[in-house]
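Colleague: I am new to this model and would like to understand one part of it well. Could you pick a region and walk me through it closely?

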Amino acid sequence: MGKTQKLVNAAVVQAGSVIFDRQACIDKADALIYKAASQGADLVLFPEAFIPAYPRGLSFGTIIGKRSPSGRAAWQRYLENSVEVPSQSTDLLGKSAKEAGVYLAIGVIERENKYSNGTLFCTTLYFNPDGFLIGKHRKLKPTGSERLVWGEGDGSTLTVLETEFGKIGGLICWENYMPLARMALYSKGVEIYLAPTADQRDSWIATIRHIACEGRCYVLSSNQYVVKSMYPQDLEIIDELENQPEVMCAGGSVIVSPFGEIIAGPLYNQEGILFAELDLAEVVRGKYDFDVVGHYSRPDVFELIVDERPKEPVSLKD
């Protein structure tokens, strides 16, 4: 698809999940997609793990050498509210994108459904305005305790997608601290870089601004606003939140230009939607003096090899 549009109206959603309730999350997403579209959005980004939740503050009853029965039960609940791809859930999200006429990128917890049906991935799903699921990205490296509940993606979903207004793609949260992963996306010509996250710190804003300058691309970062009362009170491990603050994630969603300038946000301590008009010609102009995979690269000195083959756990031969 060739580029026919240089301007795109982007919307970054900052909202909390309906925690551990897949259908309620989808319903909330549907309403927010329509709200963004009603204000002119062409592209809508949701936070990391929006469906069914980023399980902030929870250990799922795990200490080294032991897992508790209540923790296992809570993880089962999490898994049962996750998203198979494709499924009726992705059909509903596609329907929302189609009826709103937008490109949609949304963070989900994906349940692997080809082999064991017992592994979860932190995933971004991409839908086009015709309602089709056109791509996904699985988080390559869950951070810290995330590794207890999520598996690792592989190089086959380092996704960058061509649209009528430019190339979109991105990484999830602290994957963005992986320089080689960023270079893999830059090499595919990403122009609108999506960085859904769970990081609310000031240092994250610095990261997003750096990526914009480094990649000479627009960067959209979407986080959740979460308060402790959003957690279901019948959660098997609700006691793990006893010492957590009432505001568990303040947000900090932001939109940054290819020159590292903040053009919307950051938004803190509330749900909301950030809007910005992106002029893709700015991406081109930014590369006049810095093109990280062009005239500013040194392939005679450095070499990056990216393995994009899917890594199947079992290979059956005839």
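**From a hairpin to its surroundings**

Modeller: Happy to! Let's start with S8 and S9, which form a hairpin with two residues between them. Here S and H stand for strands and helices, which are DSSP runs numbered from the N terminus (E and at least two residues for a strand, H or I and at least four residues for a helix). Please keep in mind that this is a predicted model, in which local features need pLDDT of at least 70 and side-chain atom pairs count only at pLDDT 80 or more, while totals for chains, interfaces and linings use all residues. Residues are numbered from 1 along each chain as its sequence is written, and side-chain values use heavy atoms, leaving out hydrogens and water.

The two strands of the hairpin run antiparallel and are joined by four bridges; strands are said to pair if DSSP finds at least two bridges between them. One place to look is Glu162, which stands opposite Lys167 in S9. On to the next pairing: strand S9 (residues 166-170) also pairs with strand S10 (residues 192-194), this time in the parallel sense and over three bridges. There, Gly170 has Leu194 of S10 as its bridge partner.

Now step back to the whole sheet. It is open and made of six strands, in the order S8-S9-S10-S11-S14-S15, with mixed pairing. At its edges are strand S8 (160-163) and strand S15 (262-268), each of which pairs on one side only. On average, neighbouring strands of the sheet are turned by 20° against each other, ignoring direction. Such angles run from 0 to 180 degrees between N-to-C directions, with axes fitted to C-alpha atoms (for helices, over the stretch in contact).

Next come the helices. Helix H4 (residues 179-186) lies across S8, S9 and S10, and runs at about 145° to S10. Helix H5 (residues 202-215) also packs on the sheet: it touches S10, strand S11 (218-221), strand S14 (251-256) and S15, and its direction makes about 15° with that of S14. Contact here means heavy atoms within 4.5 Å.

H5 deserves a closer look. Its 14 residues should span 20 Å at 1.5 Å a residue, and its end C-alpha atoms are 20 Å apart, so the two values agree; the expected span is 1.5 Å times one less than the number of residues. Which residues of H5 are buried? They are Trp204, Ile205, Thr207, Ile208, Ile211, Ala212, Glu214 and Gly215. Buried means under 20% relative accessible area, exposed means over 50%, and partly exposed is in between (1.4 Å probe, protein chains only). The cover over these buried residues of H5 includes H4, S10, S11, S14 and S15. After H5 comes Arg216, with a positive phi near 50°.

Just before the helix, look for Gln200, in the loop between S10 and H5. Gln200 counts as partly exposed because its relative accessibility is 27%. Setting aside residues up to four places away in sequence, Gln200 touches Arg56, Asn223, Met248, Cys249, Ala250, Gly251 and Tyr268. Two polar contacts are worth finding (N or O atoms within 3.5 Å; within protein, one able to donate a hydrogen and the other to accept it, with residues adjacent in sequence counted only if both atoms are side-chain atoms). The side chain of Gln200 reaches the backbone oxygen of Met248 at 3.3 Å, and a polar atom of this side chain lies 2.7 Å from the backbone nitrogen of Ala250.

Another loop residue to visit is Ser222, found between S11 and strand S12 (226-227). Ser222 has a relative accessible area of 0%, so it counts as buried. Leaving out residues up to four places away in sequence, its contacts are Val12, Val13, Leu45, Phe46, Pro47, Glu48, Ala195, Pro196, Thr197 and Ser253. A polar atom of the Ser222 side chain lies 2.4 Å from the backbone oxygen of Val13. The C-alpha atoms of Ser222 and Ile255 are 8.7 Å apart, with 33 residues separating the two along the chain.

Phe46, one of the residues touched by Ser222, takes us to a last stop. The largest nonpolar core has 26 residues, and Phe46 is among those with the most contacts inside it, together with Val44, Ile51, Leu104 and Ile106. A nonpolar core is a set of buried Ala, Val, Leu, Ile, Met, Phe, Trp, Tyr and Cys residues joined through side-chain atoms within 4.5 Å.
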